[in-house]
Amino acid sequence: MPTYEDTLQESLSPGDSSTNAPGAKLTDILPVPPTTQPVSGPEKHETANSLAEEPTFSHALATDDHEEKGLAQQQHDEEVVDLGWNERKEEIPASLVGGLDNEDLWLLIRRFNKQIYHVKEVPTAVPGDLDLNIADEEEFSPDKLRANIERFYMTVVVGLLAAVKHIVRLRSWRETRRTSCFCAAYFVAWIFDLIVPLLTLTLITLIVCPRSREILFPPAPLALVDSKTGGVQKPKAGVLGSTESSTGAPQNFKGEAVEQEASNFVNGFTSIVVTSATGKHPEGSPTPESGSPDDAVPDPTGVTAAAAEAQNIASGGKSAGKHDKTKVPVETAMWTKMRPIMHGIADVSDTWERFANALSPTPPFPRDIYRLRLAALVLPLFLTSLFVTSYMFMKGVTFGVGFGFFGDPIMSRGLKWLNHRFPNWQKLLELRNTILKGVPTNAQLTLTLLRIGEANKAPLPPPPSINEPPPEKPTEVTDAELRATGAEPPLNATDEELQEAMEHDPRTAHETGGPDIDAAKGSKPGKRGSKIIGFFKETTKGAVKTAIGTDHARAKAGSHHAKNRLGAVPRPNSSRVSGPVDFKARYNGKKGHVYITTKSTIPAVSFSTDETIEKIGSEEREDLHPLWTIAINDIAQLKKVGGYGWKTKLVVGWSLGREVADGLEITDRTGNTRRVTAMPMRDELFNRLVAIGGQKWEAW
């Protein structure tokens, strides 16, 4: 007969009822660190040579036998199965990963590509038993700052905006029955001094029972709710083309509207974030060379500072160059503080994503463990609040304030003893090591999903692309996006009111708060201004083409930098098709393919200029002659690099209207680095390499 412990372990399993399944142990529910190695053995190194060795919880989930399987989770006999690389959205199988819609999968991969630039192998134990944490000494670049602010908008800002609109809906009394129930429960609890027990019990219910969230806070499209009245409003985009964005803008794929909002959110920032909006990424840019396109292009970020100085002089001020002695130290201090600010923004976004993934786990992560752990932490507060009076509570708070103010001698000695006795003890108390142990960020979740594909020889295909703009028509709204509690209509609005709000109105997107806002927003240049801009664009286009053409001569003359720039600007309408085995690229200026082989005894990544690859591909071929080969298990570092410097990227995009093909640096454990360039599908190769081996990664 099964014991109670066996039954509980079965209920905690993410899919497989086996007690050996990842996340099925009783200790997983307790908020204790998975290992004390950061304190007991911080220098202990452990490396793995394959996914099957399961060095982390992510690797274990990737190789586990899941109950609900998509096409990428089924066993395949081929070396690599193509599940729809370079195919249209309609031609890709309906479910690649069990329990996850393809649109949600592509959303995660798209944002992963933009967030992760540089990873290094970490041989020590990882926090929370999940790798791909952000390094404490993470590199700073304005481009990375931009990506972190966009991510902050997509997670924290949009989440807070949704919470605010739920509160406004409750306070508006438009949904009378729901608000009446909240009001009655609150004042009954107030009469009997049970406010804290009511709030904590409600919190426990929301954590443990996902269904209760939809009942207490029925969903509604974010852009459809008026933040002042709680009623129906016309979305700012003029049409309800998406349900999760604040503007309701149309989109081709789920999440695209929010991503575009985040980009525009960043573009509205001041000088430092304007610099970030230009995409400046010096760490990933090639070394400048005299006479190169980078050397010929002016620095566009200097326009902001130059315009401010010109306005100051025109107003009667003095030139900053000679008279302002604060400019250099203030700018230096601001840029120095940008790195910890960027790291802080990333930490807030990480924590927000972890709580979201704990409350609503995504397969293959466990379904119930994280919610039970969070509820178990709130339960003592609920029980205590039944007996603790307001007098006792205030007495304890005032004692804590006094001890914090006057108890420095005791606290400092205690911290000194802890630091001496247990070095790095703070690491064990981090949220990701205790309360949120085993809960992934979206990047860690994406890496686990990519590893599932690699473990089953079915690499996940990249998100498909659509060149046409999204249609200006309302999206289909179901009960999952718009619902009411009980018999009340959603938002207490009629079907006619909802339909009118959702329909397209081209004037709404241009409405502002008044003529002063219109004047501040500015207007488009006239015909003469357009002609001047067109003249400069054509002149710049010719200069850029000349500079690109000279790179071929420089490369033949032996210039290493010119070789790395060859092919960075693909010809118009050139094919991007490559993958999942071989990827078009250049090495030292030579055309060829990077290809991944897993059929051999030692899986490896190689580069070959063999022309037969162009004709029949690299699959099932053993007569290729690579210029270099790196074993998958020997990869210690992967870094995305730019095909051109950030200034030239801006000018090429503006004048030529073309995308710049970037590159990738692959470094092995002995320190040897191979740099491949002009890769149309650089992100896809990066994703395969980062997921295929047994390395534990750290994001830099």
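**Exercises: rings, cores and a hairpin**

At 8% relative accessibility, Y153 counts as buried, since buried means under 20% relative accessible area, exposed over 50% and partly exposed in between (1.4 Å probe, protein chains only). Keep in mind that this is a predicted model, where local features need pLDDT of at least 70, side-chain atom pairs count only at pLDDT 80 or more, and totals for chains, interfaces and linings use all residues. Residues are numbered from 1 along each chain as its sequence is written, and side-chain values use heavy atoms, with hydrogens and water left out.

**Exercise 1.** Classify the ring pair of Y153 and F265, and say what it ties together.

*Solution.*
- Start with the rule: rings of Phe, Tyr and Trp (its six-membered ring) pair if their centres lie within 6.5 Å, and planes under 30 degrees apart are stacked, over 60 edge-to-face, the rest tilted.
- The structure holds 13 aromatic pairs.
- For Y153 and F265, the centres are 4.9 Å apart and the planes sit at 35 degrees, so call the pair tilted.
- Now place the partners: Y153 is in helix α5 (residues 142-172) and F265 in helix α9 (residues 256-267), so the pair ties together parts 112 residues apart in sequence. Helices here are DSSP runs (H or I, at least four residues), strands likewise (E, at least two), numbered from the N terminus.
- F265 is partly exposed, at 28% relative accessible area.

**Exercise 2.** Do the same for W417 and F422.

*Solution.*
- The ring centres are 6.0 Å apart with planes at 85 degrees, so this pair is edge-to-face.
- F422 has 32% relative accessibility and therefore counts as partly exposed.

**Exercise 3.** Find the lysines that sit over the rings of W700 and F686.

*Solution.*
- The test: NZ of Lys or CZ of Arg within 6 Å of the ring centre and within 35 degrees of the ring normal.
- Over the face of W700 you get K120, 3.9 Å from the ring centre.
- Over F686 it's the charged end of K640, 4.8 Å from the centre.

**Exercise 4.** Work out how strands β3 and β4 are arranged.

*Solution.*
- Strands pair if DSSP finds at least two bridges between them; β3 and β4 (residues 590-597) have 6 and run antiparallel.
- One of the bridges matches Y587 with K590 in β4.
- The two strands form a hairpin with 2 residues between them, and N588 in the turn has a positive phi of about 55 degrees.
- In β3 (residues 582-587), 5 of the 6 residues are buried, so the strand is largely enclosed by the rest of the structure.
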